[in-house]
Amino acid sequence: MSTLIKNGCILTAENEYQADIFIENEKISMIADSINLAADTVIDAKGKYVFPGGIDQHTHFDALCNSGDENTSGYEATGSVIAGGTTTIVDYAPQDPGCGLIDSIDRRINERAKGLIAVDFALHALVTEVSDKIFDELPLLAAHGVPSIKLFMAYKGSPLYVDDGTLYKTLQMSTEYGVTVFVHAENADIINLMQKQLVSEGKTEPKYHADSRPPFVEAEATQRAILLARAVNAPIHIVHVSCKEALDAIRDARSQNLPVFAESVTHHLVLTREELERPDFEGAKYVCSPPLRDNSHIDALWEGLRNNWLQTISSDHCGINFKVMKHFGDDDFSQIPNGSPGAADRMHMIWTNGVAKGKISRQRFVEVTSTNPAKINGIYPRKGQIGVGADADIVIFDPEYRGVVKFSDNPNGVDYNVYEGREQIGRSEKVLLRGKLVVDNGKFIGEMGQGQFIPGKPFGSCYQNL
Ligand code: URP
Ligand code: ZN
Ligand code: ZN
């Protein structure tokens, strides 16, 4: 099957230019000023931007919540993700109860995601049961196509939490075995103390979630993680950076040429903590960790993206139903499962609030939403670029589209959208996954189960470029 995309303006992480793209056997086979070969399908992209499919390196589908015994919604929702312009996710693969890292990864590929997932996917290992078994399996991860592991410094009292000794030993081993350590950096003890203090004062509503996790809680853990990584000469990746103070620590480390990498997420770039004050417990929809902050932090994060202190923008998608699961915390905000959905809206929310508002360039948009996550997760150059030989994962984006986000337009697997009613500038009008048109007019027209597991290679070779 062949497809010809004509007359579009191609956006890459480096530049933009008018050209045609020819696709054969799932791959881009030619890019040229004007291609006039016969093709099974011809798409006219005049007036549109053509860029590599989004790569969201931080999602939690069908994954254990910090409440400890519930899972987020599953891969059925990934049709909405590709409709939003993201063609690959790097999803977390938590250890299943009583199982090892590798078993849990295999089960996710061959059972949980199979027949359901609509996007291509890579995986990060995720520790939920700390024991020596983790260290027996760490050497096997990269060869299994999963060259990263996530550890939570937060959520003490839930299976997600790991102690500093585990973090240190994982970092020690990581370089030898080609595994990048991703950390959720917040000081768990201080959070637990602050939660107890606030609840004992009768401060039980969702808005107090932000008060229980002030910026210094995130900054302290970020600095600690960087120091531990530095002590053993290991790279480290700090996920969902939300505040200026944590960003300062990352900037300082990078200015010393330490291999410290960091991610921002859509909700921290777009939403403020005022959302937590919504009436009728609706603030619970916005309970995520680290919490939403104020505009001064939002400005700092955009500055961090422009200056390459932050290399990626992810969604941190967590499908936690409002009507049931968020209400676990009716009487106590600390019992509200953390996380918000967002994978379906990441690309246009970042275009709207970043590119259209002049905060990042179109090139930086491609870099932080696609190219860099592909490099960091070892799936570049197959993914994350418009180039000959790459998978033909392509977004044809209409920059003239104007609308507002509506849950009903692209249901995301739970019962709300945190961006509901927000301005939307631009839309992923058509999306191709490995050369097949799977989104048309902004709607998913592909098949559930079309997504493939994409094994990642160790990230080491790309450090110097990021
Ligand atoms: O609030 C969040 N982000 N929940 C999901 C798990 C995590 O912390 O990444
Ligand atoms: Zn986290
Ligand atoms: Zn997360």
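In the predicted model, the lining of the second largest pocket comprises, by class, four nonpolar, seven polar and five charged residues. The volume of this second largest pocket is about 230 Å³. It is lined by 16 residues, among which Asp409, Asn410, Gln424, Arg427 and Gly442 are the closest to its centre. Two elements, strand S15 (394-404) and strand S16 (423-433), give two or more residues to the lining of the second largest pocket, and the largest share, three residues, is contributed by S16.

The largest pocket encloses about 460 Å³ of space. Its lining is formed by 24 residues, and those that lie nearest its centre are Asn66, Lys156, Gln195, Ser334 and Gln335. Helix H5 (residues 188-200) supplies the largest share of the lining of the largest pocket, with six residues. When the residues of this lining are divided by class, eight are nonpolar, 11 are polar and five are charged.

Ligand 1, by contrast with the two pockets as a topic, is considered together with the cavity that holds it, since the ligand sits in the largest cavity of the predicted model. Strand S6 (54-60) and strand S9 (148-152) are the elements that give two or more residues to the shell around ligand 1. In total, 13 residues surround ligand 1, and the closest of them are His60, Tyr155, His184, Ser289 and Asp316. The residues of this shell divide into four nonpolar, seven polar and two charged.

Several polar atoms of the protein can be placed relative to the ligand. An oxygen atom of ligand 1 lies 2.9 Å from an N or O atom in the side chain of histidine 184, a residue that is also listed among the closest to the ligand. For histidine 58, the separation between a polar side-chain atom and an oxygen atom of ligand 1 is 3.4 Å. With asparagine 338, the approach involves the backbone, a polar atom of which is 3.2 Å from a nitrogen atom of ligand 1. Of the 260 Å² of accessible area that ligand 1 has on its own, 95% is covered by the protein.

Conventions
Residues numbered from 1 in each chain as written. Chains lettered and ligands numbered in written order. Predicted model: local features only at pLDDT ≥ 70, side-chain atom pairs only at ≥ 80, totals over all residues. Heavy atoms only, no water. Near = heavy atom within 4 Å. Polar contact = N/O pair within 3.5 Å; in protein donor to acceptor, adjacent residues only side chain to side chain. Areas by Shrake-Rupley, 256 points an atom, 1.4 Å probe, with all protein chains shown as cover. 1 Å grid on protein atoms, 1.4 Å probe; cavity = no way out; pocket = protein on both sides within 12 Å on 5 of 7 lines; lining within 4 Å. Sits in = over half its atoms within 2 Å of the grid points. Helix = DSSP H or I, 4+ residues; strand = E, 2+ residues; numbered from the N terminus. Nonpolar A, V, L, I, M, F, W, Y, C, P; charged D, E, K, R; others polar. Points joined across faces, edges and corners; volume = space filled by probe spheres on them.
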